[in-house]
Amino acid sequence: MGLWVDTFIAPQSPSLLAPEDFERLVVDLGRKRLVRTPWMLFAGSLCVNAGLGWGSVVGRARFEPPAIGTELLSEDGVPGPDSEPPPWGVSVERAVLLARGDRLEDVMPALRDAPYGRQDIAVAFHCLDFTNPAILDHYWYEDERTVLACYALAAPQNRPLDADTGGRSGGPVHPVQTCVINTWKHGDGPACPAIKTVAARHFGPALVTGDTQG
């Protein structure tokens with residue numbers, strides 16, 4: 001059956017891109033044919049460790065399309081007093097779906113109306129674009145469940161460099177504030193070179209990548 005993996009790419013130092021630079025990152029991913037629309041824009045309280053394909057606000061909106069303006073809650077529940085940190089423990093999210101669209105150009109005005117820097121922001125794409133040979137070669141064959149999201153967090157959050165949600169918790173983490181995450185099930189492992197190239201154009205050449213399996 002195989003495991004799902006969420007791969008993140010982030011700058012070496014946690015930082016929040018300027019709003020216009022975040023816009024360019026999001027649009028660049030589409031123009032380079034790395035992702036397919038529709039896109040969705042969220043704002044609220046997000047967890048960078050919430051699984052993209054299940055339970056998270058992004059996952060719920062991707063597979064259970066809600067109306068624009070809907071407030072979404074993550075499905076993991078409420079952590080107890082002794083809960084482990086995400087991704088091993090519960091990820092709690094509460095965010096509003098601010099906008100959705102098929103045209104890349106419409107992302108920019110939507111982001112300009114978002115509470116950027118004051119709340120956590122995410123722009124998620126329907127799936128990776130397997131008409132691009134660089135995506136198909138790395139992830140082997142077309143799978144429309146491969147969501148990609150760009151996060152711009154109001155404050156840094158820790159992301160494990162190598163985590164198995166079914167295994168022991170702990171290990172090295174990296175603080176992230178702006179990052180790109182995509183989920184996949186079949187592929188060559190480390191972050192896709194084509195996605196890293198676009199990320200480096202906007203984050204700078206010093207990148208950190210990591211995987212969460214589960």
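Is C127 buried or exposed? In this predicted model, C127 turns out to be buried, with just 1% relative accessible area. The sulfur of C127 doesn't pair up either: C127 is in no disulfide, and the nearest cysteine sulfur, which belongs to C192, sits 14 Å away. That is well outside the cut-off, because two cysteine sulfur atoms have to be within 2.5 Å to count as a disulfide.

C47 tells a similar story. Its relative accessibility is 8%, and since buried means under 20%, C47 counts as buried. No disulfide involves C47, whose nearest cysteine sulfur, that of C179, is 11 Å away. For the structure as a whole, the disulfide tally is zero. As a reminder, a disulfide is a covalent bond joining the sulfur atoms of two cysteines.

Next comes the empty space. Rolling a probe the size of a water molecule over the atoms shows where such space is left. The largest pocket here takes up about 160 Å³. It is lined by 14 residues, and the ones closest to its centre are N49, G51, W54, P87 and T165. Sorted by class, the lining of this pocket has eight polar residues, three nonpolar and three charged.

As for closed-off space, the count comes to one cavity of 30 Å³ or more. The largest cavity holds about 40 Å³. Around the largest cavity sit F130, Y139, Y141, D143, T146, W184, K185 and H186. Four of these lining residues are nonpolar, two are polar and two are charged.

Definitions and conventions: Residues are numbered from 1 along each chain as its sequence is written. This is a predicted model: local features need pLDDT of at least 70, side-chain atom pairs count only at pLDDT 80 or more; totals for chains, interfaces and linings use all residues. Side-chain values use heavy atoms; hydrogens and water are left out. Buried means under 20% relative accessible area, exposed over 50%, partly exposed in between (1.4 Å probe, protein chains only). On a 1 Å grid over the protein atoms alone, a cavity is a set of points where a 1.4 Å probe fits but cannot get out, and a pocket is an open set with protein on both sides within 12 Å along at least five of seven lines; lining residues have an atom within 4 Å of a point. Grid points are joined across faces, edges and corners, and a volume is the space filled by probe spheres set on the points. Ala, Val, Leu, Ile, Met, Phe, Trp, Tyr, Cys and Pro count as nonpolar, Asp, Glu, Lys and Arg as charged, and the others, Gly among them, as polar.
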